[in-house]
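I opened this notebook to keep track of what I looked up, one topic at a time. The entries begin with the whole chain and then turn to particular places in it.

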Amino acid sequence: FLEVYNAPGFQYLNSYVNDARSNVNKPIYIDVKTLPRFDITKEVTSVNRSKSFNVTTLPRSNIAREVATVNRSATYSNVTALPRFNITKIVSVNRSKYFNVTALQRFNITKETHQLFYYHKHVEYVQKEAVVFTTRVISECEAGRLASLVATSKRDVWLLHDHDSFLIPKEDLIVRRSEEFIKQIPGLNYEQQIKKHTSFDSEISSTKSAFLRWYKNHSEYTSAWLVEDDVFYTGAWYKFFNDMMKYPADVIAVYYDNNEKQWWKDKSCTIKGELCREISPKHTYWMTIRISRNAALDLLSHIEDGTIKGHHEAITAAFMNKFNYSMKFPDRNFVGVKFVPAHWGPWMNKYNQTLERMKPEANKLYHPVKCVADDGLGEKAIYYSYKRL
């Protein structure tokens with residue numbers, strides 16, 4: 001069937017692929033939400049052609065001419081993969097909505113990362129502490145956020161992606177684009193998440209236990225921060241991480257609550273048969289958390305042998321208390337007015353997941369701040385990363 005992955009914005013209404021198993025003709029659709037400025041289907045249908053045709057032999061339509069009167073920016077990216085017309089002329093169109101193609105980017109990720117490295121070169125690098133960033137796949141928005149983390153954390157940064165979860169062919173382009181963005185970030189380390197879902201993880205992902213498993217192959221670090229992909233810091237990340245170095249604890253929990261009322265997941269949380277709540281009632285949230293290697297591997301061992309059961313928020317404080325690991329709950333002067341758990345109630349509304357909604361201040365953590373709600377967060381992360389104070 002027709003290969004149209006490299007042609008953003010087109011919708012082939014008259015192309016079909018025969019499914020040998022069901023003999024059902026299925027239309028091939030390409031997302032046209034980002035189609036700019038004119039109706040390309042209308043333009044194509046105006047070309048004289050036979051009732052059926054092969055798209056590769058379709059006479060050229062001068063799309064560059066069609067958009068020539070549109071205000072255009074001074075710089076644009078070159079794309080050579082699309083046949084039949086000069087895409088470089090098209091992408092010079094002044095665009096508030098950007099094409100969903102790797103080569104058509106809002107900013108140069110590699111260049112921005114190098115500039116941030118240089119801008120913060122005066123800050124000493126921390127060797128034994130890593131930062132682990134977890135997400136399924138990288139878009140341009142996440143790439144900008146990740147680039148700012150790599151360039152300003154002054155620590156090794158590891159991306160734990162989940163490309164293997166994209167198994168169906170139509171999502172192959174998503175993975176290829178993610179791989180291209182990852183390669184554009186100098187200094188970034190990355191690997192596939194080692195996934196084995198347990199009761200310790202949330203219902204929607206297994207990133208928490210994947211973070212613990214990451215430690216198995218990285219004995220070079222004595223501690224590591226877990227940073228989820230919807231945490232936003234309005235400053236250079238080293239400022240936050242270095243401030244936390246004054247706490248020599250096995251666990252530093254940025255966000256927690258004492259949970260005076262019993263949570264429904266408390267009932268299923270046990271450590272060697274004892275209820276977690278009876279050991280410690282604290283709930284520890286993992287959006288941003290630091291755990292020592294020793295504590296992480298011991299926790300993972302107990303998860304895998306079944307001696308502890310339950311949700312990570314209910315388990316963490318109880319486990320550290322039970323097995324004599326130190327734990328620190330620092331003051332929240334570095335936490336913005338909105339740094340809360342998500343995935344429920346009003347936080348499912350995209351408007352509530354934007355940075356502007358939280359009225360950000362400099363050098364504060366915010367959560368949830370999601371790229372699906374604002375695809376310009378990559379640029380904003382780089383902007384805030386230039387703040388030294």
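The entries below go from the overall fold to helix packing, the cores and a few single residues.

**Entry 1, the whole chain.** I note at the outset that this is a predicted model. I looked up the secondary structure and found that the protein chain has twelve helices and 15 strands. I then looked at burial, and of the 389 residues in the protein chain, 51% are buried. For the contacts with a separation of 6 or more, I noted that 74% are between residues 24 or more positions apart.

**Entry 2, H5 against H12.** I began the helix pairs with helix H5, residues 140–152, and helix H12, residues 377–385, whose axes lie 6 Å apart at an angle of about 20°. Because angles under 35 degrees count as roughly parallel, I could write down H5 as roughly parallel to H12. The crossing of these two helices, H5 and H12, is left-handed. On the H5 side I listed Cys141, Gly144, Arg145, Ser148 and Thr152 as making the contact, and on the H12 side Leu377, Gly378, Ala381, Ile382 and Ser385. Sorted by character, the residues of this contact of H5 with H12 are four nonpolar, five polar and one charged.

**Entry 3, H4 against H5.** I next took helix H4, residues 109–119, whose axis comes within 8 Å of that of H5, with a crossing of roughly 25°. H4 and H5 are therefore also entered as roughly parallel to each other. The crossing of H4 and H5 is right-handed. H4 brings Ile109, Thr113, Leu116 and Phe117 to the contact, while H5 brings Ala143, Ala147, Ser148, Val150, Ala151 and Thr152. In the contact of H4 with H5 I found seven nonpolar, three polar and no charged residues.

**Entry 4, the nonpolar cores.** Which residues touch the most other members of the largest nonpolar core? In this core of 36 residues, they are Leu146, Trp237 and Phe240. H5 gives the core its largest share, six residues. I followed Leu146 further and, leaving aside its neighbours within four places in sequence, found it in contact with Phe133, Ile138, Val157, Leu159, Ile185 and Leu188. There is also a second, separate core, with 32 residues, and Phe211, Val251, Trp286 and Phe319 are among them. As background I wrote that, in soluble globular proteins, nonpolar side chains tend to be buried together.

**Entry 5, helix H7.** Having met Phe211 in the second core, I turned to helix H7, residues 207–214, and found it mostly covered, with eight of its eight residues buried. The buried residues of H7 include Lys208 and Arg213, as well as Phe211, Leu212 and Trp214.

**Entry 6, two acidic residues.** Is Glu140 buried or exposed? Glu140, which is found in helix H5, has a relative accessible area of 13%, so I recorded it as buried. Between Glu140 and Phe181 there are 6.8 Å in space, C-alpha to C-alpha, although the two are 41 residues apart in sequence. I then went to Asp374, which sits in the loop between strand E15 (365–367) and H12. Asp374 has a relative accessibility of 14% and therefore counts as buried too. Not counting residues up to four places away in sequence, Asp374 touches Cys141, Thr354, Glu356 and Lys380. Cys141 had already appeared in my second entry, as one of the H5 residues in the contact with H12.

Definitions and conventions: Residues are numbered from 1 along each chain as its sequence is written. This is a predicted model: local features need pLDDT of at least 70, side-chain atom pairs count only at pLDDT 80 or more; totals for chains, interfaces and linings use all residues. Side-chain values use heavy atoms; hydrogens and water are left out. Axes are lines fitted to C-alpha atoms, for helices over the stretch in contact, and angles run from 0 to 180 degrees between N-to-C directions. Helices (H or I, at least four residues) and strands (E, at least two) are DSSP runs, numbered from the N terminus. Angles under 35 degrees count as roughly parallel, over 145 as roughly antiparallel, 65 to 115 as roughly perpendicular and the rest as oblique. A crossing is left-handed if the near helix is turned anticlockwise from the far one by less than a right angle, and right-handed if clockwise. Contact means heavy atoms within 4.5 Å. Ala, Val, Leu, Ile, Met, Phe, Trp, Tyr, Cys and Pro count as nonpolar, Asp, Glu, Lys and Arg as charged, and the others, Gly among them, as polar. Buried means under 20% relative accessible area, exposed over 50%, partly exposed in between (1.4 Å probe, protein chains only). A nonpolar core is a set of buried Ala, Val, Leu, Ile, Met, Phe, Trp, Tyr and Cys residues joined through side-chain atoms within 4.5 Å.
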